[in-house]
Amino acid sequence: MAYWLFKSEPDTWSWDQQKKKGARGEPWSGVRNHTAKQNMMKMKTGDLGFFYHSNEQKAVVGIVEVIGEYRPDPTDEKGRFGMVVVKAVQDMPQPVTLAAAKANPRLSAMSLVTSFRLSVQPVTGAEWKEVCRMGGLK
């Protein structure tokens, strides 16, 4: 299993909206960055990801699961980008802010800290465990 981080502006697509989609999940469409595309191409069903609110809250607020692997994105008229489908798994009991991640030496190499503009990022197993610990999950 691999781990990921999905960033969304809460006024565009929020954690609450994601949770309301239930077991059918929601396509993670609209990504127009080649590195993020390559990350999504590596995703497998069952991979887990952090749901991160960018801009306003700047915090990991939940966990999602990949339930649909990479496929063409119907919102891309040029046909160059794709999407995956994710469903909400659980809330992060204590949101983990970007400031807290930056202050934690165990996360100094995390993509969120080093290249925070990328919308879909890989997360190592050690980073996953540390962010879950910080957020009150075991």
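## A walk through the sheet and its helices

Let's start with a single pairing: G49 has V64 in β4 as its bridge partner. Keep in mind that this is a predicted model. G49 sits on β3, and that strand makes a good base for the tour. β3 pairs with β4 in the antiparallel sense, over six bridges. The two strands form a hairpin with five residues between them.

What sits in that turn? N55 does, and its phi is positive, at about 65°, although N55 is not a glycine. If you follow the chain, you meet N55 in the loop that runs between β3 (48-53) and β4 (59-72). N55 counts as partly exposed because its relative accessibility is 46%. K58 belongs to the loop between β3 and β4 as well. K58 is not a glycine, yet it has a positive phi of about 50°. K58 counts as partly exposed because its relative accessibility is 41%.

Now look at β3 itself. Is this strand enclosed or not? Six of its six residues are buried, so β3 is largely enclosed by the rest of the structure. Both of its faces are covered: L48, F50 and Y52 are buried on one side, while G49, F51 and H53 are buried on the other.

β3 has another partner too. β1 and β3 pair in the parallel sense, again over six bridges. Two residue pairings let you trace this: L5 has F50 of β3 as its bridge partner, and K7 has Y52 of β3.

Step back and the whole sheet comes into view. How many strands form the sheet, and in what order? There are six, running β2-β5-β4-β3-β1-β6, in an open sheet with mixed pairing. The edge strands are β2 (26-28) and β6, each of which pairs on one side only. From one strand to the next, the twist averages 40°.

Next come the helices that pack on this sheet. Helix α2, made of residues 34-42, touches β1, β2, β4, β5 and β6. The direction of α2 makes about 55° with that of β6. Helix α5 packs on the sheet as well, touching β1, β3, β4, β5 and β6. In its case the angle is taken with β3, and the directions of the two make about 55°.

Let's stay with α5 for a moment. Which of its residues are buried? Within residues 125-134, they are E127, W128, E130, V131 and C132. The cover over the buried residues of α5 includes β1 (3-8), β3, β4, β5 (82-97) and β6 (120-123). Just after α5 ends, G136 takes a positive phi of about 90°.

E130 has a link to another part of the chain. The side chain of N104 makes a polar contact with the side chain of E130, at 2.7 Å. N104 lies in the loop between α3 (98-103) and α4 (111-114). N104 counts as buried because its relative accessible area is 10%, and buried means under 20%. Leaving aside neighbours within four places in sequence, N104 is in contact with E130, R133 and M134.

Finally, the rings. A search of the whole structure finds five aromatic pairs. One of them joins W15 and F51: the ring centres are 5.2 Å apart and the planes are at 55°, so this pair is tilted. W15 lies in helix α1 (residues 15-20) and F51 in strand β3, so the pair ties together parts that are 36 residues apart in sequence. Both W15 and F51 are buried.

F50 and W128 also form an aromatic pair, and this one is stacked, with 3.9 Å from centre to centre and 15° between the planes. Because F50 is in strand β3 and W128 is in helix α5, this pair ties together parts that are 78 residues apart in sequence. F50 and W128 are both buried.

Some rings gather into a group: F6, W15, W28 and F51 form one aromatic cluster. One last ring to look for is F81, where K37 lies over the face at 5.7 Å from the ring centre.

Technical notes: Residues are numbered from 1 along each chain as its sequence is written. This is a predicted model: local features need pLDDT of at least 70, side-chain atom pairs count only at pLDDT 80 or more; totals for chains, interfaces and linings use all residues. Side-chain values use heavy atoms; hydrogens and water are left out. Helices (H or I, at least four residues) and strands (E, at least two) are DSSP runs, numbered from the N terminus. Buried means under 20% relative accessible area, exposed over 50%, partly exposed in between (1.4 Å probe, protein chains only). A polar contact is a pair of N or O atoms within 3.5 Å; within protein, one must be able to donate a hydrogen and the other to accept it, and residues adjacent in sequence count only if both atoms are side-chain atoms. Contact means heavy atoms within 4.5 Å. Two strands pair if DSSP finds at least two bridges between them. Axes are lines fitted to C-alpha atoms, for helices over the stretch in contact, and angles run from 0 to 180 degrees between N-to-C directions. Rings of Phe, Tyr and Trp (its six-membered ring) pair if their centres lie within 6.5 Å; planes under 30 degrees apart count as stacked, over 60 as edge-to-face and the rest as tilted. A charge sits over a ring if NZ of Lys or CZ of Arg is within 6 Å of the ring centre and within 35 degrees of the ring normal.
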